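Got your viewer open? Here is a short tour, with something to select at each stop.

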Amino acid sequence: MNYISTRNAARSVGASQAILQGISEEGGLFVPERLPRLTPEELVALGHMDYIGRAETILSHFLTDFTPAQRTSAIRAAYENNFEGGHPAALKKLPSGRYVLELFRGPTCAFKDMALQLLPGLMAHAADNVGRGGETLILTATSGDTGKAALEGFKNAPGIKIMVFYPAEGVSPMQKLQMATQEGDNVAVCAVRGNFDNTQTGVKAIFTDPVLKATLSARNIFFSSANSINWGRLLPQIVYYFSAYADLLSGGDIQPGEVVNFAVPTGNFGNILAAYYAKGMGLPLGRLICASNQNDVLAEFIATGIYNARRPFHLTLSPSMDILISSNLERLLFHLLKQDDRALSALMDDLKTDGAYQVSDEVLAALQADFFGGSCDDQRTTATIKAIFEREGYLLDPHTAVAMAVTDDYLARTGDTAKTVVVATASPYKFAEAVTEALTGRRETDAFLATEQLAALTGLPVPAPLAGLRSKAVRFTDVVDKADMASAVLRFIE
Ligand SMILES: *Cc1c(COP(=O)(O)O)cnc(C)c1O
């Protein structure tokens with residue numbers, strides 16, 4: 001199985017190279033040149049496997065330059081002990097008959113753990129496979145969840161150092177504390193004055209800084225990235241769609257071949273794209289419900305075929321979806337354009353120069369055949385958290401609540417009767433202030449007090465990784481200007 005670049009389909013690399021490199025030289029993203037198809041018998045067999053077996057089955061089709069032993073050791077290290085409750089992707093049935101796929105039982109209480117617990121193992125084997133020695137330096141800009149999940153994934157990984165930059169004024173108190181107390185002898189965390197854009201452009205500048213690059217090469221250190229443009233972050237996410245379907249089958253909730261919808265709270269379009277790949281591999285999925293918050297650029301795109309990022313940016317209660325440029329949409333467009341790299345590059349050029357592009361009627365029809373887009377503002381997010389807790393006894397985080405509300409819209413609009421699974425991307429305790437306010441109508445600004453109130457109100461246990469934060473020592477207090485980020489990196493590798 002080879003991977004080709006969305007902006008130059010003639011460029012083809014193996015899985016190990018795609019994962020190490022992250023992004024192609026000309027700025028394209030790596031996609032599988034064709035999708036493997038699972039037979040109906042293979043799908044039924046997944047029902048009799050645990051999550052590790054399911055991951056081994058799916059990854060064996062994609063990581064063909066890895067040995068089975070490499071795949072198995074990475075998968076076991078990721079999923080055997082790091083998820084509370086045993087099943088990394090447990091399916092819950094609500095009284096109304098709707099399903100919730102819980103992906104937040106990992107060490108940082110957000111779904112990014114599903115990929116970032118596995119990526120370090122994949123990178124280590126990939127480096128062996130291509131014969132690359134030396135050290136890897138992972139640099140990540142984060143608006144909250146990615147940074148912590150990457151730190152937990154890569155902490156103490158041999159041959160790897162990781163540095164995370166976050167905006168000094170842009171992450172929640174709980175997210176900041178999660179990062180500032182990070183353990184591990186190969187990690188560093190640094191706040192950057194300004195907003196997330198400032199941090200993100202700072203990191204991009206470091207990646208292309210010739211002086212820094214030369215300094216690192218002289219020491220045999222390579223840059224890499226842990227964000228969701230890396231194929232190694234997308235691939236692990238395909239597994240849980242198969243797993244959820246297998247659990248529905250083995251639980252007798254559906255018949256073989258029965259069509260199921262998934263609703264996904266969407267930001268960078270990585271999670272929902274994994275569902276699209278699962279569908280392309282033969283999983284009987286119906287509509288993929290793409291849920292946005294007030295930053296509804298994707299909902300508009302799916303309705304009209306016009307992608308328009310020239311709009312006000314809103315800070316919402318679901319910050320991990322506050323995004324106007326969904327980078328993984330590039331992969332979907334490449335497939336919808338039937339792998340026409342020149343047509344895709346033209347759209348991406350339009351986005352860069354005009355902040356917008358429009359697809360043809362044909363592409364729009366193909367898009368709408370698989371996807372439904374909808375959006376939900378903060379007020380409705382809050383009302384949904386309260387209503388679902390009162391009616392169904394289930395507590396949603398703000399991101400998952402957006403998906404639940406958009407699912408209501410989809411079912412009301414279409415009358416679709418297929419079973420629908422809402423993908424739950426974060427623990428409600430990770431956003432305790434907002435969730436507590438949704439239930440009580442009162443804002444408690446102290447994260448720990450809000451957590452206590454939420455536990456008292458709901459009786460739900462506080463996840464151990466969040467409960468434990470209170471007693472952890474703060475290790476990282478550096479705050480730098482954007483101009484000083486490169487010297488912070490140099491200090492770190494000294
Ligand atoms: C990252 C994130 C999302 C968005 O996922 P994408 O793959 O970027 O679409 C949604 N919810 C939470 C809690 C997240 O951390």
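Which backbone atom type of Asn271 lies close to the ligand, and what ligand atom is at the other end? Select Asn271: a backbone N or O atom sits 2.9 Å from an oxygen atom of the ligand, a polar contact (a pair of N or O atoms within 3.5 Å).

Before you go on, note that this is a predicted model, where local features need pLDDT of at least 70, side-chain atom pairs count only at pLDDT 80 or more, and totals for chains, interfaces and linings use all residues. Residues are numbered from 1 along each chain as its sequence is written, and side-chain values use heavy atoms, with hydrogens and water left out.

Next, pick Asp145: one of its polar side-chain atoms is 2.8 Å from an oxygen atom of the ligand. Then try Thr425, where a polar side-chain atom lies 2.9 Å from a nitrogen atom of the ligand. The protein covers 96% of the 390 Å² of accessible area (Shrake-Rupley, 1.4 Å probe) that the ligand has on its own.

Now show the whole shell: 15 residues surround the ligand, each with a heavy atom within 4 Å of it. Lys112, Asp145, Gly267, Asn268 and Thr425 are the closest.

Last stop: select 432–440, helix α19 (a DSSP run of H or I, at least four residues). Seven of its nine residues are buried, meaning under 20% relative accessible area with a 1.4 Å probe, protein chains only. Among them are Val435 and Leu439. The buried residues pack against α8, α17, α18 and α20, with contact meaning heavy atoms within 4.5 Å. Step on to Gly441 after the helix: its phi is positive, near 80 degrees.

Note on methods. Buried means under 20% relative accessible area, exposed over 50%, partly exposed in between (1.4 Å probe, protein chains only). Helices (H or I, at least four residues) and strands (E, at least two) are DSSP runs, numbered from the N terminus. A polar contact is a pair of N or O atoms within 3.5 Å; within protein, one must be able to donate a hydrogen and the other to accept it, and residues adjacent in sequence count only if both atoms are side-chain atoms.
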